[in-house]
Amino acid sequence: MLKLNVKDETSRLKAVVLGTAQSNGPVPMPEEAYDPKSLEHILAGTYPKEEDMVREMEAFAAVLKKYGVQVFRPKLIKDCNQIFSRDIAFVIDDKLIKANILPDREIEFQAIKYVLDKIEDSQIIYPPKEVHIEGGDVMPWKDYIFIGTYSGEDYSDLITARTNRAAVDFIAKTFPHKKIKSFELRKSNTNARENALHLDCCFQPIGTDKAILHKNGFLVTEEYEWLLNYFGRENVFEITKDEMYSMMSNVFSIAPDVVVSERNFTRLNNWLREKGLTVEEIPYAEIAKQEGLLRCSTLPLVRE
Ligand SMILES: NC(=[NH2+])NCCC[C@H](N)C(=O)O
């Protein structure tokens with residue numbers, strides 16, 4: 001059996017689900033896209049090829065294995081995009097919460113049933129239907145749970161708004177001993193530079209006391225400033241609109257001092273090294289075309 005344990009974003013990783021780009025299916029039709037960056041590449045004829053994405057994900061798997069992490073892959077569903085495991089479920093403390101994901105992506109959850117069989121039933125939580133929540137919006141961080149959300153009146157018109165207020169309330173009720181901090185995110189169905197698809201697209205804690213942050217991803221200045229003050233300006237790596245677009249906040253921590261990052265993120269990777277972290281660089285720019293990167297591709301089950 002697996003003893004779930006995830007209390008933060010960076011403690012040494014022991015077990016994880018890593019998505020797969022195999023059997024990804026044909027290039028989607030424009031009307032099938034559920035994020036603006038994929039849409040852009042579908043229209044431009046530059047949507048990533050399966051073989052290139054498979055190669056990138058195998059490079060990621062190799063790094064995880066090098067650090068002795070137990071890696072589970074989803075069972076293959078024919079012609080289904082199963083790259084972004086982060087969003088189908090997430091672990092907080094010793095509980096796994098099934099996400100109530102976009103209906104277009106609901107089927108992806110079945111592929112990890114074999115992993116769920118290794119977890120006590122009593123440790124798995126199924127939120128009610130009115131709760132919309134995806135793992136990319138949820139970050140346990142010590143005493144806190146950070147949650148990205150959107151509560152504008154046009155919520156139901158925005159396919160890019162994935163986590164609602166009911167989700168924030170549900171997580172607060174389920175984890176009464178934690179402090180819940182929610183953040184309203186900027187959403188756009190059509191402009192990827194103005195779209196923080198999930199919280200992890202504009203923010204992520206790094207190491208023990210650092211963070212990557214993009215101001216314009218946040219709708220409420222005070223909420224952005226809360227994060228800036230919490231980590232301290234000197235510990236925050238601010239990224240630009242173009243850097244958010246390249247998914248720079250979506251690196252992945254294997255340990256407080258080991259980060260997996262995209263090889264073209266020169267400015268970030270230098271900063272991380274300056275701060276004494278080990279940076280494992282891999283190619284991931286093709287997957288980035290789908291508005292997700294390394295954190296999005298993983299579902300951590302056990303950290304130290
Ligand atoms: N946790 C994340 N940021 N996941 C990114 C998911 C990207 C995927 N194209 C979607 O729209 O669902």
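**Exercise 1.** In this predicted model, determine how many bridges join strand β1 to β2 and whether the two run parallel or antiparallel.

*Solution.* Take strand β1, residues 13-18. Three bridges join β1 to β2, and the two strands run parallel. For a point of reference, find V16: V71 in β2 stands opposite V16.

**Exercise 2.** Work out the strand order of the open sheet and name its edge strands.

*Solution.* The sheet has three strands, and their order is β2-β1-β15. Its pairing is mixed. Next, look for strands that pair on one side only: these are β2 (70-72) and β15 (298-303), the edge strands. From one strand to the next, the twist averages 20°.

**Exercise 3.** Find which strands helix α2 touches, and give its direction relative to β1.

*Solution.* Locate α2 at residues 50-66. The helix packs on the sheet and touches β1 and β2. The direction of α2 makes about 160° with that of β1.

**Exercise 4.** List the buried residues of helix α1, then state the sign of phi in the residue that follows the helix.

*Solution.* Helix α1 covers residues 36-44. Count a residue as buried if 20 or more other C-beta atoms lie within 10 Å of its own. The buried residues of α1 are P36, K37, S38, L39 and H41. After α1 comes G45, with a positive phi near 75°.

**Exercise 5.** Describe the residues around the ligand by number and by class.

*Solution.* The ligand is surrounded by 15 residues. The closest are D35, G136, H198, G292 and C296. Sorting the shell by class gives five nonpolar, five polar and five charged residues. Glycine is counted as polar in this sorting.

Note on methods. Residues are numbered from 1 along each chain as its sequence is written. This is a predicted model: local features need pLDDT of at least 70, side-chain atom pairs count only at pLDDT 80 or more; totals for chains, interfaces and linings use all residues. A residue is near a molecule or strand if its C-beta atom, placed from the backbone, lies within 6 Å of it. A residue is buried if 20 or more other C-beta atoms lie within 10 Å of its own, exposed if 12 or fewer, and partly exposed in between; C-beta atoms are placed from the backbone. Helices (H or I, at least four residues) and strands (E, at least two) are DSSP runs, numbered from the N terminus. Two strands pair if DSSP finds at least two bridges between them. Axes are lines fitted to C-alpha atoms, for helices over the stretch in contact, and angles run from 0 to 180 degrees between N-to-C directions. Two residues are in contact if their C-beta atoms, placed from the backbone, lie within 7 Å.
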